[in-house]
Amino acid sequence: MSLSQPKADPGYPAAPENPTHLGGLAYCAARSAAIDAWLSALFKAAAPPGGRFCLVAVGGYGRSEMCPGSDVDLMLLGADRAATTEFAPRLWYPIWNAGVPLDHSVRTPAEALEVAMNDAPAALG
């Protein structure tokens with residue numbers, strides 16, 4: 001599935017218009033910015049009031065390198081593991097329902113630091 005062709009979510013961003021005028025990196029950056037806006041809206045709609053969570057872009061998406069067909073790499077970070085795990089499906093399901101390939105993780109700050117220190121491939125996304 002093309003990232004510009006959502007299945008169910010009309011808010012999923014289309015590919016930048018007239019991509020032929022953009023170079024490769026500019027296209028990827030524009031695509032990443034559009035996905036940022038879409039995910040920000042999903043996050044705001046799904047997050048419980050007073051929730052202490054952070055959505056972190058990692059991998060190619062975190063580097064603003066969203067090529068056509070790229071998956072979206074995300075880490076949901078929260079201080080309370082149980083609350084973060086409970087919140088996560090409210091965010092992941094709209095992404096899956098839009099047909100977007102998603103690579104995701106749920107971590108506490110301590111877990112994220114542990115991964116960064118001991119698992120270089122995972123830390124790089």
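**Entry 1: aromatic rings**

I began with the rings and found that ring pairs link Phe43, Phe53 and Phe87 into a cluster. I keep in mind that this is a predicted model. When I searched the whole structure for aromatic pairs, the search gave three. I then looked up one of them, the pair of Phe43 and Phe87, whose ring centres are 5.7 Å apart and whose planes stand at 80 degrees, which makes the pair edge-to-face. This pair links distant parts of the chain, since Phe43 belongs to helix α1 (residues 24–46) and Phe87 to helix α3 (residues 81–97), 44 residues apart. I also checked their exposure and noted that both Phe43 and Phe87 are buried.

**Entry 2: cysteines**

Next I searched the whole structure for disulfides and found zero. Cys28 is in no disulfide, and its nearest cysteine sulfur, that of Cys67, lies 3.4 Å away. Why do Cys28 and Cys67 not count as a disulfide? I reasoned that the sulfur atoms would have to lie within 2.5 Å, and the sulfur of Cys67 is 3.4 Å from that of Cys28, so the pair does not qualify. Is each of the two buried or partly exposed? Cys28 counts as buried, with 8% relative accessibility, whereas Cys67, at 35%, counts as partly exposed.

**Entry 3: Ser70**

From Cys67 I moved on to Ser70, which I located in the loop between α2 (59–62) and β2 (72–78). A polar atom of the Ser70 side chain lies 3.0 Å from the backbone oxygen of Cys67. The relative accessible area of Ser70 is 19%, and because buried means under 20%, I wrote Ser70 down as buried.

Note on methods:
Residues numbered from 1 in each chain as written. Predicted model: local features only at pLDDT ≥ 70, side-chain atom pairs only at ≥ 80, totals over all residues. Heavy atoms only, no water. Phe/Tyr/Trp six-rings, centres within 6.5 Å; stacked < 30°, edge-to-face > 60°. Helix = DSSP H or I, 4+ residues; strand = E, 2+ residues; numbered from the N terminus. Buried < 20%, exposed > 50% of the residue type's maximum accessible area, 1.4 Å probe, protein only. Polar contact = N/O pair within 3.5 Å; in protein donor to acceptor, adjacent residues only side chain to side chain.
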